[in-house]
Structure formats: structure tokens, C-alpha cells
Amino acid sequence: MAAKAEPIGPLNGHELAPLNTRADGSERPHGVTIVLQGSRSNSLQRDAPGEDRAAWSGKLQFFLSIIGYSVGLGNIWRFPYLCQQNGGGAFLIPFLIMLILEGIPLFLIEMAIGQKMRLGSLGVWNTIHPWLGGIGIASCVVTLFVALYYNVIITWVFFYLFNSIRLSADQLPWAHCPQDNGTAEAECTKASATVYYWYREALDASPSIDQPGAPRWWIVLYLLLAWIIVFFIVMKGIQSSGKVVYFTSLFPYVVLTIFFVRGITLPGSADGIIHMYKPKLNKLLDPTVWLDAATQVFYSFGLAFGSLIAFGSYNTPNNNCVRDVLLVSVCNALTAIYASVVIFSILGFKAFTMVEKCITKEIKILALHHINGFTLNSTQEYYEAHYPSVNSTVTAALNLTGCSMSKNLEEAAEGTGLAFIVFTQAILKLTPAPFWSIIFFLMLLSLGLGSQIGIMEGMLCTIFDIDFFKRFSKPVITGAVCTFCFFVGLIFTTGAGEYWLKMFDSFAGTIGLVVVALLEMVSVIYIYGHERFTNDIYEMTGYRPGWYWQVTWRYVGPFIVSCILLSSLIFMLLYPPTYGAWNAEEGRVEKTPYPDWVLAIAVAMILAGILPIPVVLLLRRFQCLALDVDIHQGSIRRIETTVSTKEMMSDQDSSDSEPSQPRTSAHYEDSSSSDDEILNAKYSTGTGIRLAMKPIGHNPNTFKMDVVD
């Protein structure tokens, strides 16, 4: 007796549930995955998912793309600062521990699940369960926010790169203050030539975020150049970007090695390296040090952007993703340590020259006042031996600060301050300075483009996996996205551009990413099932993840990510965020709180990166979607689930509502039939199309509905 089939409404992945349960409600011994594939014209296709997916041209291209994405600007200007501030060499202990317990396990989850399903971020989470589709949307939204401001950094790099094309150090525009006997010269004298050039010439910074002024035309042009270059790199996906990664991934190592060879031969370089890596073990008792380590690991890998899932989806099903994850993780950590040595060898040399200049100045002052036997011919050794005995009242009266390497090196900087102020000042001391400036900013450009390629690939891969956008070519979609990003990014070209970038960096790419990462781990390990995921990795690589992976996936990893999330929220509440506003009259940066309307925008960005998750869940749970999004050629696959999701699945399948205008209806034999009878049966649809279930690949539990010839 044929059972009456319910009409099939929106393709939410709910409709084929009865095929996995018997008439008496009991579960079948082996879950069956049904793939219903339909085009926009409601005809059925024979192609298996991922059959027409782009693929890497070789193993080296994939490896360099991952390296170029994960090894970014943070390895150059964030990790050295954290090492210096959090115990020097002692910071490597929590960093490596967090790398093992948090970074590598989550890295493998993203790479392996993308490779297994051969889908982008949006398709992966819809495949695991339709209710989880919001994770892919949230990831895409956060990635968009980060792409907006990350390309602005590339814009500033272009500005410095083109202004580095000079014949001598004296001709570099940040080498001297302007000689106009006006306000510009006074502003520069109060600050320094490099600081003045950054805030006045490069940014033309406004006094506050409330007074942005008009877009600066030179920054607009460089921003346009940056987006044009990004467009041409990613317009055809990995077919175009895969060729560029050979340069963007390898060139930074060439430059770092050149700087390393030059740096270790400079006076003061050893002092800089020792200052940085001298362990301060007492710092390990500070919980914020461990939090900084966990946060650095999380962001250095580029987790939760969807990019690693996209990169993994372009691999062949039998690629050894476990080996890839371990190699990239080790390479990432060693690059951060190597870059820190290079940076502080140069900063040590800078400190050495600054101390020499300081000592010469203070010897002259002490000699003119005939203090402690100082003369104009006194040596540096004499100064170091006798300066400590000078009375403190005398030093205060003469405005003497004392000159020491350690004091100079402790004036730490990170981010744009390190790249565009501190390091540019150090470059002036190298010969020939324009050469070192050009290769330094070329290195930053390569690192920035490598990461931007990965960020864009993660976002565009999600868009390309939506069936609606498949009617457009990749260059068209990519061009539309880049154009949109350019016009929104004009806010960063105003006098308040750096203030807005700081706000985006503090809010847009923090809470949302951590929430996505946490839900990724929960979805794969507890909904998809850790045993099933382990078997998937075994089928793909021949390696079965052991107790280390199981413990970190199921317990340690989610706990660490939860700690990062909670601590981030607590710090935001306890310490209201501020930005560094440029005070032209005093020639210095002042910490200024964000106005309420800016904080409202920040909260809106955070919510935009989180709300898609519960919204999609509720809409699909209660069948509220009048128009659902077709994922990956119109298919959402129903998969086996673990006991932990049995209730979730049974709840969604119990919906008894019938859409008023059914798209398709299927008729099948009594649902109490055996599995073999069901799999060999033929079905008919309300449109007259006859269907049959056929296996996909070599997996005996995964089938697709196909047209009967």
C-alpha cells in the first residue's frame, strides 16, 4: 500500500527525513544520505557535488596559498610586540602550548571538513545540518568587514613604497622636517620627522573621529589601485590567484633573510635580540599572557574566515590534510619567531644609534656646566661610569633623561606604529636607505596581498556556492564585490581613516570570528559527530586521529575558544575602547574614547556577524522561509547524525504543515520496506519525472535522486 507523500516545499533539507526512519518510528541501522539535485528549471541533474569544483594545479600551489594566507602582517608587527611585552622568551611557552591545544586542532577541522565535502563555508554548514546555515553567512559577513580595512593597510603600503623610490636617504620624504618656519615645522619638531610624515603627509589625520573631513585624494587613488590589483588576482578564483602565491608567499622569506644577514652584522643587534627573548618566567603567572598567546594563535592561522574551508575544498579527496596542517602550523610558528629576530636586530641597531646621539648630547650639557668632571672630549665609557653618580636634582634641572639601550628598546610599538614609524626611522640608518625601504614595503605588500587573497577567496567561495549567483561569471561577481568594498572603504581615506580602521579591527573581526570558531567546533564534533569526522579523515588520509585530537576537539579546544570569547567581552565592558587621536598642536597621540554613535556602529557590526546564526536556525526550525537559498547546485544533503542530534532531527521532521503550492511531490512504497527495497525502488514526482536512488562515489551510505532513463 503506497504511502501518501507530503508535498515538498522549500528545499530546507527536511523533506527526505522519512526515508531514514521506518513506519514504526525506529531508526534504520545505517543512516542514508539523500542528495536531491535540481536546477533552477526544476529538472534534475546527474552531477555529483564537487564534480565540477576548481582544483589546485599542484601540491606546491596549495601549500604556498595556505602559507601566504596564514603567514601575514601579524607575524611581523604583532608577534614581536607580544613577545617583548609578555615575558620575552618565556612567551614562547604559552604560545606553543596554545598552538598545540587550540590552533592545530581547529585548523584541521576546517581543512578536513572542506576537503571532505568539497564545498565552501556556507555549503558545509548547510550540509551538516540546515539549521547551521547561519554559521556560513556569519563567517562571510565578518570576512567582508575584515576585507574592507585589510586592503586599506595595503593602500598605505603602496603610498610608502612609491615614496621610497629615491636616490639617497636624505631624499626620503620622512628623513627631515619641512623647512617652512610655520606650523608644519613646529608640529614636526615637537614630534619627529617619521611621526610627522605618517600623521600629516600620509594620513593628514584629523583631530578626532567626529571631524573626518573629505577623502584625501592620494589615499583614494592608492585604494583604487589596491582593489584593482586584488580584483585581477582573485577574479578567476584559484586559477588566477594560484599563480600569484608563488611570489606573495616566497618573497617575504627572501626579504626577511636579507634583513637578517644585514641585521646581525649591525652594532646593537645582539642587544635587541637578547632584550626580546630574555625570558621573564614570572610573567607566566599572569593569566593575560596566556590569553594573549591563545588570541595570537587564533588570529595568526586565519581561523573562522571560511578561507581554510575553501582552500581545503579544492583538494582531492585523498589529500593528506593532517600532514598539511602540521607542516603549515610549524612553518607559521617558525616564521613568527624568525621575523621577531629580524625585527629586533634592526630595532637594536636603531636603539644603538639613538643612544649614541643621546650620550653625545648629554655629555655636552654636563661639560658646559662642569659637572662630575665631564668635558667635551669625555667618552661613552666615561659617561656610563659616572652618569649614575650625578645628583638627581641636577639631572632634573638640566632635563637629562639618561641614555640606555634597555630604556630605548622598551619603547615598544606594534601594528602601523611599528611598520610606518619605528621601522622607517630605523631604515634611515641603513645604507642605502631607499633600497632597504623599497624591499621592506615590498615584503609588507606581499604579506598583505597573500592574506587578502585568502580572505577574499573565503568570501567569494561562499558566494559562488549559492545557486543564484552561478548564472553570473566569476569575474562579474568578483568585480561587483571589489567595487562595493572600494566605495565603502572610502571612509578610511578621510582624515579619520586610521581611527575607523582601529575601530573595525577592534570590533568587526573579534567577537564574530570567535563565536563562529566555537560553533564550528561544536557543529563538527557534536552534531556531525566526532566518530564520523574521525572516520572521514581516516578514509581520506589513511590516518586515524588518536586521543590527542579527540581530547582537543571535544574538550580543550572549545574551552580555550570560550575563554577567549568571555575575556574579550569582559575587557570590552571593563575597559571602554579608545583610539589614538593626533594632537597637532602638541605633536603627539592622545588616547580618546569613541563617541556613542561610533560605539553604536561597532555594536551593529558585531551583531551583523552573529545574528545570522540564530536567525537562520529559527527560520528553518519553524519553516518561516518563503524563499530559501539553494546551496551548491540546488542541493542540501541530509547526512547521518549522532545521538546528540536525534532530538533535533526528529523535531524538524515532525512538521505537519503543507505548503499551499508544492513544488514537487514524491511517491514511494511503504516506508516499512527494507533498506535494500527502498534503495532499489523507483519514485515518481508530481511533474511526471521518474526518479531512482543511485550511490554517489564509493560511499554505500550516500545516494542521490536521479532521473530514470
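Which residues does Val71 touch, not counting residues up to four places away in sequence? In this predicted model, Val71 touches Tyr253, Asn332, Thr335, Leu447 and Ser451. Val71 itself lies in the loop between helix H1 (59-70) and helix H2 (73-77). With a relative accessibility of 4%, Val71 counts as buried, because buried means under 20%.

Several of these names recur in the database record. The UniProt annotation "binding site", from an unreviewed entry, covers Gly68, Val71, Asn75, Ser300, Asn332, Leu447 and Ser451. These positions are spread over 384 residues of sequence, yet they cluster in space, with a largest C-alpha distance of 13.0 Å.

Leu447 shows the contact with Val71 from the other side. Leu447 is placed in helix H19, which covers residues 433-464. Its contacts, leaving aside neighbours within four places in sequence, are Gly68, Val71, Gly72, Leu73, Ile76, Tyr150 and Pro252. Leu447 also counts as buried, at 4% relative accessibility.

The cysteines can be taken next. The chain has two disulfides, and their pattern is 1-2, 3-4 when the bonded cysteines are counted along the chain.

One disulfide is formed by Cys177 and Cys188, whose sulfur atoms are 1.9 Å apart. The pair links distant parts of the chain, 11 residues apart: Cys177 is in the loop between helix H6 (133-163) and helix H7 (183-190), and Cys188 is in helix H7. The link is left-handed, with -75° about the S-S bond. Cys177 counts as partly exposed at 22% relative accessibility, whereas Cys188 is buried, with a relative accessible area of 1%.

The other disulfide joins Cys358 and Cys403, with 1.8 Å between the sulfur atoms. Here the linked parts of the chain are 45 residues apart: Cys358 sits in helix H14 (residues 321-368), and Cys403 in the loop between helix H16 (392-397) and helix H17 (405-409). This link is left-handed too, with -70° about the S-S bond. Both Cys358 and Cys403 are buried.

Which cysteine sulfur is nearest to that of Cys140, a residue in no disulfide? It is that of Cys461, 10.0 Å away. A disulfide requires sulfur atoms within 2.5 Å, so this distance does not qualify. Cys140 is buried, with a relative accessible area of 16%. Cys482 is likewise in no disulfide, and the nearest cysteine sulfur, that of Cys485, is 6.4 Å away. Cys482 is buried as well, with a relative accessible area of 5%.

How values were computed:
Residues are numbered from 1 along each chain as its sequence is written. This is a predicted model: local features need pLDDT of at least 70, side-chain atom pairs count only at pLDDT 80 or more; totals for chains, interfaces and linings use all residues. Side-chain values use heavy atoms; hydrogens and water are left out. UniProt positions are given in the numbering used here, feature names are shortened, and annotations may be inferred rather than shown by experiment. Helices (H or I, at least four residues) and strands (E, at least two) are DSSP runs, numbered from the N terminus. Buried means under 20% relative accessible area, exposed over 50%, partly exposed in between (1.4 Å probe, protein chains only). Contact means heavy atoms within 4.5 Å.
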